Structures are given as structure tokens and as C-alpha cells.
Amino acid sequence: MKPKMLLSLFVLTFVTTKPEFSLAVVKFADERIEEDIQRIYDRFPLIKKQFDKLSSSELTYVIQYGHDEEQCDAIFETDGHNLFLTFRQPKGYLYLYSLQVCFAHEATHALQFERGQIGFYQNKDGDWSAVNIDLWDEAEAFKTSLEVAGPTDLVGDLGIFKRKYETGGLEKAAQWLSCLYPTLSLERKNNPDVTNIEIANRLFIKKGYKLFCEAYQPSEIPQQGNEISNL
Ligand SMILES: [Zn+2]
């Protein structure tokens, strides 16, 4: 995983106009992403709600634009210390999903992380991957993003998901998502039955992986240390 660049912190606008916003926990990589997020924050109540929840977290979320060569429109990931919501920078050519749709989707995953529904594990090469994520988590992220979707957002997969959801319910829509996420299961990895997650997490730890998970294994969460200077 590439080291993440945190170029600078610009949060004053939010602090002056939104008293509930916390300086400590959400950071923007540059002014452009901050202005763009401010715009959708002001326009969509859902985005405001999600953002405010993340801003009350004890963890640090970094919001940034990624690089053109990246294939996905957006991604939620970690370096083991901070959480990153990365969005593909809009350019002149076709840009499939709006920023509000991408934000709603990735923030849903971030909030799943906050609840301990999903986590990350680090393999021996140092790369972090999601753990305990299943098709229901993706379905929740798709469903949430529909709340802020405009007509141009519905021309591709999100539009198909909407039709599946409206005609067959969430389970049918989640089933259909397996064509987009073939490695994910319809079996709930994050069943409210906490024991299941504990067993899954222990298995990862036993195999020598480091876990970064908000719930159940706090002693295994890597502590913030010198590596923070990588940012
Ligand atoms: Zn997703």
C-alpha cells in the first residue's frame, strides 16, 4: 500500500460555521477536497449526518482525492493508524458517480467500522485489507448512497441495484452485488452475534495478522507511534 500524503489541514471553515465539528478527527488533504465536501455537507442532510458522526470519532479520518490511475471511484482504507476516504479526482472526462454518492457509500463503510462491523487486518507484507465485510455491508452502502443519488448516478450499477432493491428487497439486491464483489459472501460476517466476530478475529490474530478493528480486540489494535510521521 502506498504511503498516504497528508498535505495540509484546512478545517477552519467548518469550525467557525459548524460548532459540532471537531478539529481533532477529520482532516482534509487539501483545500479542493475540503471545499467540495463543504458543498455536499451543506446540501445533503445525509452527508451532514454521516460527516458529523465521523467527526465525533476518537479516530482520525483523512478525506482526500486520489490519483487518476486508480480504478475505483472511491475507497475506504487504513494505514493502521488513520482511516482514509479517498475519492477519484473529477476531471473533464466522464465521471460516473457524484461525490455525494461516493461519500455516502464510503462513509457508510466508515460507520460500519466505527460500530465494529468491519475491520482491517495487516498481512505479512504490511498491506491492510478489510475483514468481516460481507455483501450486506456493501448493500447497506449502496442503499444509503441512493438517498443522495441524482439521475446521472443511476445509469450504471447503482441504477441496477436500485431496481433490484425496489423489486426484490435488500436480500435480492445484496445477492446481485456478488457479481461486483465475487469474493464477498452473503453470509453475514458481522452478525449481531458478537461471538462470531470474536472467533473470526482470533483466527486472524492466531495466523499472525495484526488487526485494526474498533470492537472486541482493543488490545490488538496497533498503537499510534512513530510511523505517524509517514503522513
Ligand atoms: Zn463498498
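This passage describes the fold of a predicted model, its nonpolar cores and the surroundings of one central strand pairing, β4 with its partners.

The protein chain contains 7 helices and 7 strands, and these elements follow one another along the sequence in the pattern α-β-α-α-β-β-β-α-β-β-α-α-α-β. Of the 231 residues in the protein chain, 32% are buried. Among the contacts in the protein chain with a separation of 6 or more, 60% are made by residues that are 24 or more positions apart.

The largest nonpolar core comprises 34 residues, and those with the most contacts inside it are Ile47, Tyr61, Ile63, Leu85, Cys102, Phe103 and Ala110. At least two residues of this core are supplied by each of several elements, including the strands β1 (26-28), β2 (61-65), β3 (74-78), β4 (83-87) and β5 (119-122), and the helices α2 (31-43), α3 (45-55) and α4 (99-114). The largest share, 8 residues, comes from α4. When neighbours within four places in sequence are left aside, Ile47 is in contact with Ile40, Tyr41, Gln100, Phe103, Ala104 and Val148. Apart from this core lies another, of 9 residues, among them Trp136, Phe161, Ala173 and Ala174.

Strand β4 is largely enclosed by the rest of the structure, because 5 of its 5 residues are buried. In a regular strand, the side chains alternate between the two faces of the sheet. Both faces of β4 are covered, with Leu83, Leu85 and Phe87 buried on one side and Phe84 and Thr86 buried on the other.

Two strands are paired with β4 in the lines of bridges described here. Strand β2 runs parallel to β4 and is joined to it by 5 bridges, and within β4 it is Phe84 that stands opposite Val62. Strand β3, by contrast, runs antiparallel to β4, to which it is likewise joined by 5 bridges, and Thr78 has Leu83 of β4 as its bridge partner. The hairpin formed by β3 and β4 has 4 residues between the strands, and in this hairpin Gly80 takes a positive phi near 95°.

Outside these strands, Ile160 is found in helix α6, which spans residues 157-176. Ile160 is classed as partly exposed because 17 other C-beta atoms lie within 10 Å, whereas a buried residue would need 20 or more. The C-alpha atoms of Ile160 and Leu177 are separated by 9.7 Å, the two residues being 17 residues apart along the chain.

Methods. Residues numbered from 1 in each chain as written. Predicted model: local features only at pLDDT ≥ 70, side-chain atom pairs only at ≥ 80, totals over all residues. Core = buried A, V, L, I, M, F, W, Y, C linked by C-beta atoms within 7 Å. Buried ≥ 20, exposed ≤ 12 C-beta atoms within 10 Å, placed from the backbone. Contact = placed C-beta atoms within 7 Å. Pairing = 2+ DSSP bridges.
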